[in-house]
Amino acid sequence: MSESPVVRLEKDGDVALIIVNYPPVNALGPGVADGIVDCLNKANADPSVKSLVLMGDGRSFIAGADIRGFGTNRKRPPIGQRTYDVMDASPKPIVAAIHGYALGGGLENAMGCHYRIAVPSAKVGLPEVLIGILPGGGGTQRLPRLVGAQTALEMITSGRHVPAPEARKLGILDEVLPEGTDLRSAAVAYARKVADVRPLPRVRDKSVTADPAIFDAMRKSIARRARNQTAPYHCIAAVEAACTMDFEAGIRRENELFLELENADEAKALRYAFFAEREVAKLPDLPKDVAPYEFKDPAVIGAGTMGGGIAMSFADFGYDVKIMDATQEALDRGMERIKANYATSVKRGSLAQEEMERRLARIHPVAGYDDIKDCDVVVEAVFERMDVKKPVFAKLDEVMRPDAFLFSNTSALDMDDLASVTKRADKVAGTHFFSPANVMKLLEVVRPAEASPQTLMTAMALGRKIGKISAMAGNTDGFVANRSRAPFNSEMVILLEEGCLPEQVDKVMVDFGYPMGPFAVGDLAGLDIGAEGRKRRAAANPNYRKLPIADKLVEMGRYGQKTGAGWYRYEKGDRTPHPDPEVAAIIKQVAAEMGVPQKDFTDTEILQRLLFSSVNEACRILEEGKAYRASDVDVMWLHGFGFPRYRGGLMYWADGIGVKNVYNQIAAWHQQYGERWAPSKLLRELAETNTPFRQAKPAPFA
Ligand code: 3H9
């Protein structure tokens, strides 16, 4: 009936269908909103049309505003002429027919319709807060009117995707169709059924009130996770406006708050992070016509902390997984740990008991290699030493079906060396999970020289299928995440030699936005772990910068939380770190023995000493072609190390300081401290040409 490149109008008898077609997810890109309004006006002007349907082509209803349009000179129609306003004013009923996602502006459009129906697999939500803004298309005013202020606050400040059945219970949807129903014909039938119902049910006509105390309570409850951010608080203020102002005034307030957020640093950084997370999946140098292998039958070798967490990740995402260990005792212990981990989630209320049972039933402990020989993918997670891993790989190569992929969960070992013990080096890659493996989102896929494109794609896809963000790393000591982090880890201990205390450094990093300070994290992970790596590196490199204070604590048996003492001391049964005068004394003593002059540090110095050292190393990684993009480093820091997302990531943050400033400071520290601060070649080149880190062109992947 009408042609537009992105929105078209069709007719089914007396029902007009407005269909959005802006692949891949029907974001409200250029022409979409105008197209909807245009079609709506045409349908309203057509006397043969009695009711309308709004729906999306392809995989989704509407995924929200086009995020690429923010921060550009994109023009929005004035309040009163936006899609939602035009739909509100429609004299004929409109039914939103939802499949895939109705997010952000998508749900806002749906709430501008008079009715909302969905297929059972659909998800709805207002995730704007995750990109540093608020639902600025009436969402903060309409959602509370549909679901009440408390639920709206929870949905808008978390940004979570609500499954259709729950959305029906909450009152967002009028109907969830039975499984397998054809959405288009059901929507047409629904539109016909409501064609003559008057008055039209408009969300804006509902009223909402709330106990004023809930807003402050919400501010308090998000204080920890919303630290240093504005958007979550503006979201609350906008919902508060919905409960205290009339609809028109509330919309104006929402708009004011939205405009304060749209181009703030927080929103820019979060938008950057959103696209960096999508970019990281792209493997530009691999052939486009190779597809990942669709694995069905995974196995995990090693039922320790990492192996158990990896098996849980498979089970959490619906896979039956076999798990084995060298002894029955180790396997039993591993299964007990898995059960205890799930039980903690049940106790916390984040997992239902029945779901725990379902997941546990998917994890199959098996006695030996014979029981896994038909699996199509194996993730080895045995002790992190080459002499332990090599025999396991040799055995796997011998017993596994010839087309099975062999992946190793290693955080630093040479994957070429490990692959060399097999006769299928093309099917071997590293899959470096972060601890706890069932919680942490990052999966670093390590690329040995002989791995085939399909192997690499399969490893990347494996991560995505179990809820991870997969990022490709070259086979270099520490790979990309830990290698770029290593100088930070050294520098934080060197700062102690020069006069800092662990609690001082931790405070700076927590104020910056990390959930925990690096010394507290060290105590949680176990200080003995880092000590192993330092020993190995010191043995291999006579110029290796030793960390005597850290070594001393490990010698004293201060391994962290598990021994009740590390960088901090701990009360029995309590994880709260307490500054420890004994540690302060050790620091003083070692510093005196080393003859290091003591000084006071500003917070900025501490922050930059830690992060600039890593920026420099990340540049080296890029110049060696061990990572595809600076933004991949950012994704790794966000999901591997808890770098604050609203700061974009390590390299994005450094761009905010300016590549020249970073270079000048590093060059000055090179003069002062010597070789460990030598500026990398890439850093120097970027500074000379004033090219931002995120536009750096790394060497071809090696
Ligand atoms: C908003 O609505 C503001 C309003 O309040 C109005 C204010 C005025 N824009 O993630 P995928 C791209 S704010 C532009 O891999 P999935 C994405 O970059 C918005 N592009 O797929 C990727 O491109 P490429 C509120 C978008 O199936 C491709 O689509 N909405 C957008 O794993 C596929 O994406 C949101 O925040 C977008 N809105 O997940 C939702 N969405 O192929 C954001 C996606 O070139 N989107 N792209 O890399 C998502 O959460 C996920 O993309 C979604 C699909 C769950 C929809």
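Strand β17 is covered on both faces: V428, G430 and H432 on one side and A429, T431 and F433 on the other are all buried, where buried means under 20% relative accessible area, exposed means over 50% and partly exposed lies in between, with a 1.4 Å probe and protein chains only. Put as a tally, six of the six residues of β17 are buried. In a regular strand, side chains take turns pointing to one face of the sheet and then the other. All of this comes from a predicted model, in which local features need pLDDT of at least 70 and side-chain atom pairs count only at pLDDT 80 or more, while totals for chains, interfaces and linings use all residues. Residues are numbered from 1 along each chain as its sequence is written, and side-chain values use heavy atoms, with hydrogens and water left out.

So what sits beside β17? Strands here are DSSP runs of E with at least two residues, helices are runs of H or I with at least four, and both are numbered from the N terminus. Two strands pair if DSSP finds at least two bridges between them. Strand β16 (residues 405-408) runs parallel to β17 (residues 428-433), and three bridges join them. Along this pairing, L406 stands opposite V428, and F407 has A429 as its bridge partner. With strand β18 (residues 442-447), β17 pairs in the antiparallel sense over four bridges; there T431 is matched with V445. In general, such pairing goes through backbone hydrogen bonds, either parallel or antiparallel.

Zooming out, these strands belong to an open, mixed sheet of eight, in the order β14-β13-β12-β15-β16-β17-β18-β19. At its edges stand β14 (363-365) and β19 (469-474), each with a single partner strand, so one side of each has no neighbour in the sheet. From one strand to the next, the twist averages 25°. Helix α15 (residues 386-399) lies across β12, β15, β16 and β17, at about 170° to β16; axes are lines fitted to C-alpha atoms, for helices over the stretch in contact, and angles run from 0 to 180 degrees between N-to-C directions.

A smaller picture comes from another open sheet, with three strands in the order β7-β9-β10 and mixed pairing. Its edge strands, β7 (101-103) and β10 (162-163), each pair on one side only. Strand β9 (residues 123-125) and β10 are antiparallel over two bridges, with K123 partnered by P163. Helix α3 (residues 105-112) packs on this sheet and touches β7 and β9, its direction making about 90° with that of β7; contact means heavy atoms within 4.5 Å.

Helices meet each other too. The axes of α11 (residues 265-279) and α25 (residues 630-640) come within 9 Å and cross at roughly 105°. That makes α11 roughly perpendicular to α25, since angles of 65 to 115 degrees count as roughly perpendicular, under 35 as roughly parallel, over 145 as roughly antiparallel and the rest as oblique. Y272, A273, A276, E277 and E279 in α11 meet S631, D634, V635, L638 and H639 in α25.

Finally, there is R483, found in helix α18 (residues 481-497). R483 is buried, with a relative accessible area of 10%. Leaving aside neighbours within four places in sequence, R483 is in contact with several residues, including D477, E617 and E624.
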